[in-house]
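Here's a friendly walk through one protein chain for someone meeting it for the first time. Have a look at the model, and then we'll go through some of its details.

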Amino acid sequence: MAKPFTFKVLATDGKARRGVIDMPRGEIRTPAFMPVGTGGTVKAMYMDQVRGVGADIILGNTYHLMLRPGAERVARLGGLHEFARWPHPILTDSGGFQVMSLSKLRKLTEKGVTFRSHIDGAAYEMSPERSIEIQGLLDSDIQMQLDECTALPAELKEIERAMELSLRWAERCKTAFGDQPGKAMFGIVQGGDNAALRIRSAQALSAMELKGYAVGGLAVGEPQAVMLEMLDITCPVLPHNKPRYLMGVGTPDDILKSVARGIDMFDCVMPTRAGRHGLAYTRRGKVNLRNARHADDPRPLDEESDCPAARGYSRAYLHHLVRSQEALGAMLLTWNNLSYYQKLMQDIRAAIETGSFDVRGAEITEGWARGDIPVL
């Protein structure tokens, strides 16, 4: 019998929660940041590096993997863990967001969505049942329901229609998922920027008694204040004893403020994408290595960092790599960024345990505000 999927809150500080998800492929310390491995790879990183910076879990994308190399092929090759050489937990999103945002000529019905691949124009169908089937073929540990995510701003009737459809699809996903020992399916709260719809969605999903709950449809164009207001409204409605996942978020500041409202899990392409474009996240805030001020600077990015990329290379060298579009520049800065994000999560967990989350959060924010070291 496989070890069951469990979540336990170990400590709280205000609404912030320190917890642990336990499942057959390992523990996930929460609050957790999940590096995004869209197509079976965390871009510009080796998997042992991803593990080395402190990641307990990574994210894979159903839409991209179903198109290339194909879910059935991944299954024949032993599943995504074996395929990507990542033996630890993997969460797969449902593909819904990418279907809505990337695919061509999509058509939405009660049954599901038909769309054309953004790669070659081939036609596909994605239903709630097919999304869960694909995630099962990938052998992911946490699977997400198929939902419809509406970009903001949007008309209230459109937000409500998408939210209600997502609830019906959640029921179908739950049925399709069935009982998979050691694994979990999460529902996704929708409702745009409307408080009443968010509450309705959260209440209906809670009644389904799922193993975890995500908050979707945020960080899609609305101001941060709106996102935080929706979390203030939504989190208290969700079960205390289940993990809460804020999808697609976000900046270090987003993460700090969302943890303060009771969120346990995050994912975002920001640290990896920024690294590929010359931008480093540090305890002093963001540092743009493309800037000429770094060209003759022999100092490291951050002499106190545990990450060799931040501590062991000069800013001048990193600047040269970025400006020359050398692959190593993207690799080093991505390594730094994921290391910084995981160190941030480690700091947050430790602060919640000691009841000092507000104090530590203020210190971190003050460090960002002070900015980078002066120019030589």
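Let's start in a loop: glycine 250 sits between β13 (244-246) and α10. These element names come from DSSP runs, numbered from the N terminus, with helices (H or I) of at least four residues and strands (E) of at least two. The bond leading into glycine 250 from valine 249 is a cis peptide bond, with omega about 0°.

A quick word on ground rules. Residues are numbered from 1 along each chain as its sequence is written. This is a predicted model, where local features need pLDDT of at least 70 and side-chain atom pairs count only at pLDDT 80 or more, while totals for chains, interfaces and linings use all residues; side-chain values use heavy atoms, with hydrogens and water left out.

Another cis peptide bond runs from leucine 152 to proline 153, with omega near 0°. Proline 153 belongs to the loop between β10 (142-144) and α7 (156-177).

**Positive phi outside glycine**

Two residues that aren't glycine have a positive phi. Here they are, each with its loop.

| Residue | Phi | Loop |
|---|---|---|
| Alanine 44 | about 70° | between β4 and α1 (47-52) |
| Glutamine 325 | near 60° | between α13 (315-323) and α14 (327-353) |

How accessible is alanine 44? Alanine 44 is partly exposed, at 28% relative accessible area. Glutamine 325 counts as exposed, with 70% relative accessibility. The cut-offs here are under 20% relative accessible area for buried, over 50% for exposed, and partly exposed in between (1.4 Å probe, protein chains only).

**Around histidine 88**

Histidine 88 is in the loop between α4 (80-84) and β6 (90-93). Is histidine 88 buried or exposed? Its relative accessible area is 17%, so histidine 88 is buried. Setting aside neighbours within four places in sequence, histidine 88 is in contact (heavy atoms within 4.5 Å) with Arg25, Arg51, Asp56, His81 and Asp141. With arginine 51 there is a polar contact between the two side chains, at 3.4 Å. A polar contact is a pair of N or O atoms within 3.5 Å; within protein, one must be able to donate a hydrogen and the other to accept it, and residues adjacent in sequence count only if both atoms are side-chain atoms.

**How the two domains meet**

Zooming out, the chain splits into domain 1 (6-95 + 127-267) and domain 2 (275-359), with bounds from an automatic or database domain assignment. Their centres, taken over C-alpha atoms, are 27 Å apart. At the interface, 29 residues of domain 1 are in contact with 22 residues of domain 2.

Together the domains bury about 2200 Å², 73% of it on carbon and sulfur atoms. Buried area is the accessible area (1.4 Å probe) that two parts lose on being put together, summed over both. Asp13, Val53 and Pro252 supply 25% of what domain 1 buries against domain 2, more than any other three residues.

The rule finds one salt bridge across this interface, a salt bridge being a side-chain nitrogen of Lys or Arg within 4 Å of a carboxyl oxygen of Asp or Glu. Between the domains there are also six residue pairs in polar contact, both residues at pLDDT 80 or more. On the side of domain 1 that touches domain 2, α10 gives the largest share, four residues.
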